[in-house]
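Colleague: I am new to this structure and should like to understand the terms used for it. Could we go through some of them in turn?

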Amino acid sequence: MKEELIKVPVVELVYRNNTKPSKRYKIVTAKDVHELLVSPFKATIEHHISTRVILLNGRNQVLGISTINEGALSYNITDIRFIVQLAALSNCKSVIVCINQPSGDIEPTKQDDELVQQVKIALSYIDVDLLDHVLYYEEGYYSYSANGKI
């Protein structure tokens, strides 16, 4: 009797354009986050809302950035499971959740506050820190960390 191979999907995390550890971008302030996000994503910042997660090692060096949601012009739905999944698969030490605001309105909402608390709790189960939650547009940003809200 011929044995058949069982086929199942493979899940993997892939880093593209991986840089050497000594050349990785380091996050020190929210301004660093803003600079990191504005340049490569400039074409879509004013077009639609996107949620991006920055994955960091223990020295706050960027391991990678992943877009976990792209939505409409005026609302955003962020699935916390994707953030936790990315953090677990990447073996990162901390994450920064970033949501661009096409309107330029970077004042946090109740939904932003709730998202921060939910993400913080969910990440705590896998020993990953939520370093910051940044709302941004091309010309400015709001940092939860810099404003003492994390």
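Modeller: Certainly. A polar contact is a pair of N or O atoms within 3.5 Å, one able to donate a hydrogen and the other to accept it. Please note that the model is a predicted one.

Colleague: What makes the approach of the S143 side chain to the backbone nitrogen of S145 a polar contact?

Modeller: The side chain of S143 reaches that nitrogen of S145 at 3.3 Å. The limit is 3.5 Å, so the pair qualifies. The S143 side chain also reaches the backbone nitrogen of A146, at 2.9 Å, and this value is likewise within 3.5 Å.

Colleague: Why is S143 called buried?

Modeller: Its relative accessible area is 2%. Buried means under 20%, therefore the word applies to S143. The residue lies in strand β5, residues 140-143, and among the residues it touches are A30 and D132.

Colleague: Why is S90 described as buried?

Modeller: S90 has a relative accessible area of 9%, and because this is under 20%, S90 counts as buried. It belongs to helix α2, residues 80-90, and its side chain reaches the backbone oxygen of A87 at 3.3 Å.

Colleague: Why is I126 called partly exposed?

Modeller: The relative accessible area of I126 is 33%. Partly exposed covers values between 20% and 50%, so I126 falls in that class. I126 sits in the loop between α3 and β4 and, with I121 and Y125, makes a nonpolar surface patch of about 350 Å².

Note on methods: Residues are numbered from 1 along each chain as its sequence is written. This is a predicted model: local features need pLDDT of at least 70, side-chain atom pairs count only at pLDDT 80 or more; totals for chains, interfaces and linings use all residues. Side-chain values use heavy atoms; hydrogens and water are left out. Helices (H or I, at least four residues) and strands (E, at least two) are DSSP runs, numbered from the N terminus. Buried means under 20% relative accessible area, exposed over 50%, partly exposed in between (1.4 Å probe, protein chains only). Contact means heavy atoms within 4.5 Å. Patches are made of residues with over 30% relative accessible area and no salt bridge: like charges are joined within 9 Å, nonpolar side chains (Val, Leu, Ile, Met, Phe, Trp, Tyr) within 5 Å. Accessible areas come from the Shrake-Rupley method with a 1.4 Å probe; for residues, only the protein chains shown count as cover. A salt bridge is a side-chain nitrogen of Lys or Arg within 4 Å of a carboxyl oxygen of Asp or Glu. Lists of a residue's contacts leave out its neighbours within four places in sequence.
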